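This report introduces the structure displayed here to a reader who has not met it before. It begins with one local detail and then turns to the overall layout and the interior.

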Amino acid sequence: MLNPRARDRAGDVSTYRDQRFRGSLREQEQLLTQSCTLYVGNLSYFTTEEQVFELFHRAGDIRRVIMGIDRYKKTPCGFCFIEYYQREDAENAVRFINGTRLDDRVIRTDWDAGFIEGRQYGRGKHGGQVRDEYRKDFDPGRGGWSKLIGLRNEAD
């Protein structure tokens, strides 16, 4: 239920911290509180940059969208970064778009300290997302079975 007296948490920073951030935890937290960049996760592998732009543009003017890609295959791997021109627009995206559906998947947004070239590549062993390597269910929006299950089946 909506509570108009509840504190708005759109600008709050989550507890997640990028382990590959080059700098101190304090520097990272400072950047997160001022950032205009969002990480968007749980995208379908079939979601296009245009779809992401169309949805997130409703919250404000976007500087750019950087789609996450598989390091080796150069195919989408289920996440992206969105840079807004203003923090207020990014807060609106967190406030109104986080938890909505895109390509029949519930997407999640989180603050990012700022995109640096090279971060668009998945961090899993096989070039994609680590999370997908440990998935045990069939997920058509994320390419079917997890990479580890697929490798086991190929070995049989």
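## An arginine over a ring

R87 lies over the face of W111, with 3.7 Å between them as taken to the ring centre. The model in which this arrangement appears is a predicted one.

R87 and W111 are also among the residues touched by S35, together with D112, A113 and G114, when residues up to four places away in sequence are not counted. S35 itself is found in the loop between α1 (25-34) and β1 (37-41). Because its relative accessibility is 6%, below the 20% limit, S35 counts as buried. A polar atom of the S35 side chain lies 2.5 Å from the backbone oxygen of D112.

## Overall layout

The protein contains five helices and six strands. Read from the N terminus, its elements follow the order α-β-α-β-β-α-β-β-β-α-α. Of its 156 residues, 42% count as buried. Among the contacts with a separation of 6 or more, 65% are accounted for by residues 24 or more positions apart.

## The hairpin of β2 and β3

Strand β2 (residues 62-69) and strand β3 (residues 76-84) run antiparallel and are joined by six bridges. One residue of this pairing is M67, whose bridge partner in β3 is C80. The hairpin has six residues between the strands, and K74 takes a positive phi near 60° in this hairpin.

F81 lies in strand β3. The C-alpha atoms of F81 and I66 are separated by 5.1 Å, although the two residues are 15 residues apart along the chain. With a relative accessible area of 2%, F81 is buried. Leaving aside residues up to four places away in sequence, F81 touches several others, including T37, L38, Y39, R64, V65, D112, R119 and Q120.

## Aromatic residues

The structure holds four aromatic pairs. Two of them, both involving F81, are set out below.

| Pair | Centre to centre | Angle between planes | Geometry |
|---|---|---|---|
| F79 and F81 | 5.9 Å | 90° | edge-to-face |
| F81 and F115 | 5.3 Å | 55° | tilted |

What does the pair of F81 and F115 tie together? F81 belongs to strand β3, whereas F115 sits in the loop between β6 and α4 (130-133), so the pair ties together parts that are 34 residues apart in sequence. Both members of this pair are buried, and F79 and F81 are likewise both buried. Together with Y39, the residues F79, F81 and F115 form one aromatic cluster.

## Helix α2 and its two faces

Helix α2 (residues 49-56) includes the buried residues V52, L55 and F56. Why do they lie on the same side of α2? They cover an arc of only 85° around the axis, and therefore share one side of the helix. An α-helix has 3.6 residues a turn, so residues three or four places apart point the same way. The face of α2 turned away from the buried side carries E50 and E54, which are exposed.

Which elements help to cover the buried residues of α2? The cover includes the strands β1, β2, β3, β4 (101-102) and β6 (108-112), as well as the helix α3 (87-96). Strands β2 and β3, the antiparallel partners described above, are thus included in the cover over the buried residues of α2.

Terms used: Residues are numbered from 1 along each chain as its sequence is written. This is a predicted model: local features need pLDDT of at least 70, side-chain atom pairs count only at pLDDT 80 or more; totals for chains, interfaces and linings use all residues. Side-chain values use heavy atoms; hydrogens and water are left out. Two strands pair if DSSP finds at least two bridges between them. Helices (H or I, at least four residues) and strands (E, at least two) are DSSP runs, numbered from the N terminus. Buried means under 20% relative accessible area, exposed over 50%, partly exposed in between (1.4 Å probe, protein chains only). A polar contact is a pair of N or O atoms within 3.5 Å; within protein, one must be able to donate a hydrogen and the other to accept it, and residues adjacent in sequence count only if both atoms are side-chain atoms. Contact means heavy atoms within 4.5 Å. The arc is that of the directions from the helix axis to the C-beta atoms. Rings of Phe, Tyr and Trp (its six-membered ring) pair if their centres lie within 6.5 Å; planes under 30 degrees apart count as stacked, over 60 as edge-to-face and the rest as tilted. A charge sits over a ring if NZ of Lys or CZ of Arg is within 6 Å of the ring centre and within 35 degrees of the ring normal.
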